[in-house]
Amino acid sequence: MRIKELLGMQVVDIDAKEIGKIEDLEFNEATGQINKIGINLKKNILSSNEVLVHYDNIKSIGDYVLLKINIEPDE
């Protein structure tokens, strides 16, 4: 999978709730391995937050990214 395919991909938490989209990637420059993904958490039309999730917390990547954890956006 290419990086540009990951950017903008929908992210779903362990409870199958759509929490946001991938906005950024943090990777190891020496190995090229992804360390963390930056998720833009959609709170409402005018507001959003970004959260970094470690790659180990990703269960699968397909049509969307499924996490092994639950993420609650700050109200």
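Q: Which strand gives the negative patch its largest share of residues?
A: This is a predicted model, where local features need pLDDT of at least 70, side-chain atom pairs count only at pLDDT 80 or more, and totals for chains, interfaces and linings use all residues. Residues are numbered from 1 along each chain as its sequence is written, and side-chain values use heavy atoms, with hydrogens and water left out. Strands here are DSSP runs of E with at least two residues, helices are runs of H or I with at least four, and both are numbered from the N terminus. Three residues of the patch come from a single strand, and that is strand 2 (residues 18–27).

Q: Which residues form that negative surface patch?
A: A patch takes residues with over 30% relative accessible area and no salt bridge, joining like charges within 9 Å and nonpolar side chains (Val, Leu, Ile, Met, Phe, Trp, Tyr) within 5 Å; a salt bridge is a side-chain nitrogen of Lys or Arg within 4 Å of a carboxyl oxygen of Asp or Glu. Lys and Arg count as positive and Asp and Glu as negative, leaving out His and the chain ends, and a charge is placed at NZ of Lys, CZ of Arg, CG of Asp or CD of Glu. The members of this patch are Glu 23, Asp 24, Glu 26 and Glu 50.

Q: How exposed is Asp 24, in relative accessible area?
A: Asp 24 sits in strand 2. Buried means under 20% relative accessible area, exposed means over 50%, and partly exposed is in between (1.4 Å probe, protein chains only). Asp 24 counts as partly exposed because its relative accessible area is 43%.

Q: Which residue in strand 2 is the bridge partner of Val 12?
A: Two strands pair if DSSP finds at least two bridges between them. Strand 1 (residues 10–12) and strand 2 do so in the antiparallel sense, over three bridges. Val 12 belongs to strand 1, and across in strand 2 its bridge partner is Glu 18.

Q: Is Val 12 buried or exposed?
A: Val 12 has a C-alpha atom 9.9 Å from that of Ile 58, although the two are 46 residues apart along the chain. Its relative accessible area is 9%, so Val 12 is buried.

Q: What is the relative accessibility of Val 11?
A: Val 11 is also a strand 1 residue. Its C-alpha atom is separated by 6.9 Å from that of Ile 22, eleven residues along the chain. Val 11 counts as buried because its relative accessibility is 0%.

Q: What phi does Ala 16 have?
A: Ala 16 is in the loop between strand 1 and strand 2, a hairpin with five residues between the strands. Ala 16 is exposed, with a relative accessible area of 61%. Most residues other than glycine have a negative phi. Ala 16 is not a glycine, yet its phi is positive, at about 65°.

Q: How far apart are the C-alpha atoms of Gly 38 and Leu 52?
A: Gly 38 lies in strand 3 (residues 34–44), and it counts as buried because its relative accessibility is 0%. Gly 38 and Leu 52 are 14 residues apart along the chain, but their C-alpha atoms are separated by 4.5 Å.

Q: How much accessible area does the nonpolar patch have?
A: Accessible areas come from the Shrake-Rupley method with a 1.4 Å probe, and for residues only the protein chains shown count as cover. The patch is made of Met 1, Tyr 55 and Ile 61, which together have about 290 Å².

Q: Which residue in strand 6 is the bridge partner of Ile 61?
A: Ile 61, which is partly exposed at a relative accessible area of 35%, is found in strand 5 (residues 58–61). Strand 5 runs antiparallel to strand 6 (residues 65–67), with three bridges joining them, and the two form a hairpin with three residues in between. In strand 6, the bridge partner of Ile 61 is Val 65.

Q: In what order do the elements of the protein chain run?
A: The protein chain has one helix and six strands. Starting at the N terminus, the elements run α-β-β-β-β-β-β.
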